[in-house]
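Colleague: Got a minute to walk me through this one? I'd like to start with the fold.

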Amino acid sequence: MAAEMPASLKEAQEVLASWLAESRSAVVFTGAGISTESGIPDFRGPNGIWKTQDPAKFHFERYLDDPDMRRNSWRAYVSGGMGAQAEPNPAHEAVAKLVQYGIVRWVITQNVDGLHARSGVPEERLLELHGSSRFAKCIACWQRFTRDETITWPIEEPAGVPLCPRCGGLMKPGGVSFGEPMPERETAEAVRVSRLADLCLVVGSTLTVYPAASMPAYTVEQGGRLAILNIGETTLDRFADLRVEAKAAEFLPRVAELVLAARGLG
Ligand code: ZN
């Protein structure tokens, strides 16, 4: 690592590590900020996607109505847009390690880049609230198919996308668009585990997109601790027991080391 961490950040690493070490049901909640170090632009930051792109262009109703939009969206998915070619960074790896050692029980993410799964978070510990570019789905019967399978499927015209082999419905890349229903199982499960959590660590989210952003609030409501690691303000800053401004990829690896050492696993 290039620069030495300031004393205040080292102290924050120690505090967070001790809370994680004593937790029994910790949850990590992540947003775009954890993936910026993997080269994926965020949405709301200074160079965010919404500075140059109109969110209305990505609305679910547009997808239903406009074959050109579907074609473009499917091509972006096939060519590896949305993170399919990015690599997990040290922040993803630190989180994965904490999950693998049973310290963090669940990872809830707003990201569709699939990098938590790629870094080794097991499927049963991962809740991708906004879907994932690791799969595509039929928007008639909602059946999911893996990315590896679907990228070979031919585009059917005039649909502009492949058709579902099960029901003939339109296929759509797995990320959830504006105006599209949230995945039910993931949302219900995220609410459940957030309420159970004795600690929620937020990484790289401004907590402005609902209902995803309410998950850490459920932990606070039930008396759990809230730690927020994000560059810039978040909507829950005033409820945070620990608030850290630092790059996740520089901050978290040391935290994971300290936790594993404290539990005698390092
Ligand atoms: Zn279908």
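Modeller: Sure. One term up front: contact means heavy atoms within 4.5 Å. This is a predicted model, where local features need pLDDT of at least 70, side-chain atom pairs count only at pLDDT 80 or more, and totals for chains, interfaces and linings use all residues. Residues are numbered from 1 along each chain as its sequence is written, and side-chain values use heavy atoms, with hydrogens and water left out.

Colleague: OK, what does helix 1 lie across?

Modeller: Helix 1 (residues 7-22) lies across strands 1, 2, 7, 8 and 9, at about 135 degrees to strand 9. Axes are lines fitted to C-alpha atoms, for helices over the stretch in contact, and angles run from 0 to 180 degrees between N-to-C directions. Helices (H or I, at least four residues) and strands (E, at least two) are DSSP runs, numbered from the N terminus.

Colleague: And what's the strand order in the sheet?

Modeller: The open sheet goes 3-2-1-7-8-9, six strands with parallel pairing; two strands pair if DSSP finds at least two bridges between them. Strand 3 (126-128) and strand 9 (242-244) are the edges.

Colleague: Switching topic, which residues hold the zinc ion?

Modeller: The SG atoms of C138, C141, C164 and C167 are its protein donors, at 2.3 to 2.4 Å. Donors are N, O and S atoms within 2.8 Å of the metal (3.2 Å for Na, K and Ca); water is not among the atoms, so sites may look incomplete.

Colleague: What spacing do they follow?

Modeller: C-x2-C-x22-C-x2-C along the chain. C141 and C167 both sit in loops, so that pair ties together parts 26 residues apart in sequence.
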